[in-house]
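Please look at the model below with its charged and aromatic side chains in mind. The report that follows takes up the charged pairs, then the aromatic rings, and then a patch on the surface.

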Amino acid sequence: MKKLCVTFVMTFIVSSAPAVHAQTRELSGQWKFRPVESFAPDYRAGDYHHSGWMDVPVPGQWQTYPGLERHHGRGVYRTSFDFSLEPGKSYGLLFEGVFYRAAVFLNGKELGRHQGYFEPFTLDATGALRS
């Protein structure tokens, strides 16, 4: 399974009911990053070829990456992971913070958008996952 994401910090959560404590899977680590002026629709595709993109640590801020100290535009972050679906479970992505705005895609499907300075938010990923 592949994942496409535009964000900084993410944890994958699994729950059988909203009120139950979720199992988590940390997605921090090395991600691909590219500073952009505008977002190309093909960035969303799970099979998009990202050669030439920077390898960056997540969590992190692009202003700490070499050559981007003064970049105040937009950026695209991507990562992929393998995951086995369990019947009857709900799946979500928990963001512990993004700089201000995020548009999140998983396997080419938009999960949602968020605006808010480093505020945590969760998006339902159940319908976008595939085995």
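A salt bridge is counted where a side-chain nitrogen of Lys or Arg lies within 4 Å of a carboxyl oxygen of Asp or Glu. In this structure, which is a predicted model, there are 2 salt bridges.

One of these joins the side chains of Lys32 and Asp55, with a distance of 2.7 Å from N to O. Lys32 belongs to strand E4 (residues 29-36) and Asp55 to strand E5 (residues 54-58), and since the two residues are 23 residues apart, the salt bridge links distant parts of the chain. Another salt bridge is formed by Glu110 with Arg113, whose closest N and O atoms are 2.7 Å apart.

How exposed are the residues Lys32, Asp55, Glu110 and Arg113? The table gives the relative accessible area of each residue together with its class.

| Residue | Relative accessible area | Class |
|---|---|---|
| Lys32 | 21% | partly exposed |
| Asp55 | 51% | exposed |
| Glu110 | 34% | partly exposed |
| Arg113 | 57% | exposed |

The classes follow from cut-offs: a residue is exposed over 50%, buried under 20% and partly exposed in between. Lys32, at 21%, is therefore partly exposed, while Asp55, at 51%, is exposed because its value is over 50%.

We turn next to the aromatic rings. The structure holds 5 aromatic pairs, and one of them is made by Phe33 and Tyr65, whose ring centres are 5.6 Å apart and whose planes stand at 65 degrees. Planes over 60 degrees apart count as edge-to-face, so the pair of Phe33 and Tyr65 is edge-to-face. Phe33 lies in strand E4, whereas Tyr65 lies in the loop between E5 and strand E6 (74-80), so that this pair ties together parts that are 32 residues apart in sequence.

Are these two rings buried or exposed? Phe33 has a relative accessibility of 1% and counts as buried, and Tyr65, with a relative accessible area of 4%, is buried as well. Phe33 and Tyr65 also belong to a cluster, in which ring pairs link them with Trp62 and Tyr77.

Aromatic residues appear on the surface too, where Phe99, Tyr100, Tyr117 and Phe118 form a nonpolar patch that has about 410 Å² of accessible area together. Among them, Tyr100 is found in the loop between strand E7 (90-97) and strand E8 (101-106), and its relative accessibility of 35% makes Tyr100 partly exposed.

Technical notes
Residues are numbered from 1 along each chain as its sequence is written. This is a predicted model: local features need pLDDT of at least 70, side-chain atom pairs count only at pLDDT 80 or more; totals for chains, interfaces and linings use all residues. Side-chain values use heavy atoms; hydrogens and water are left out. Helices (H or I, at least four residues) and strands (E, at least two) are DSSP runs, numbered from the N terminus. Buried means under 20% relative accessible area, exposed over 50%, partly exposed in between (1.4 Å probe, protein chains only). Rings of Phe, Tyr and Trp (its six-membered ring) pair if their centres lie within 6.5 Å; planes under 30 degrees apart count as stacked, over 60 as edge-to-face and the rest as tilted. Patches are made of residues with over 30% relative accessible area and no salt bridge: like charges are joined within 9 Å, nonpolar side chains (Val, Leu, Ile, Met, Phe, Trp, Tyr) within 5 Å. Accessible areas come from the Shrake-Rupley method with a 1.4 Å probe; for residues, only the protein chains shown count as cover.
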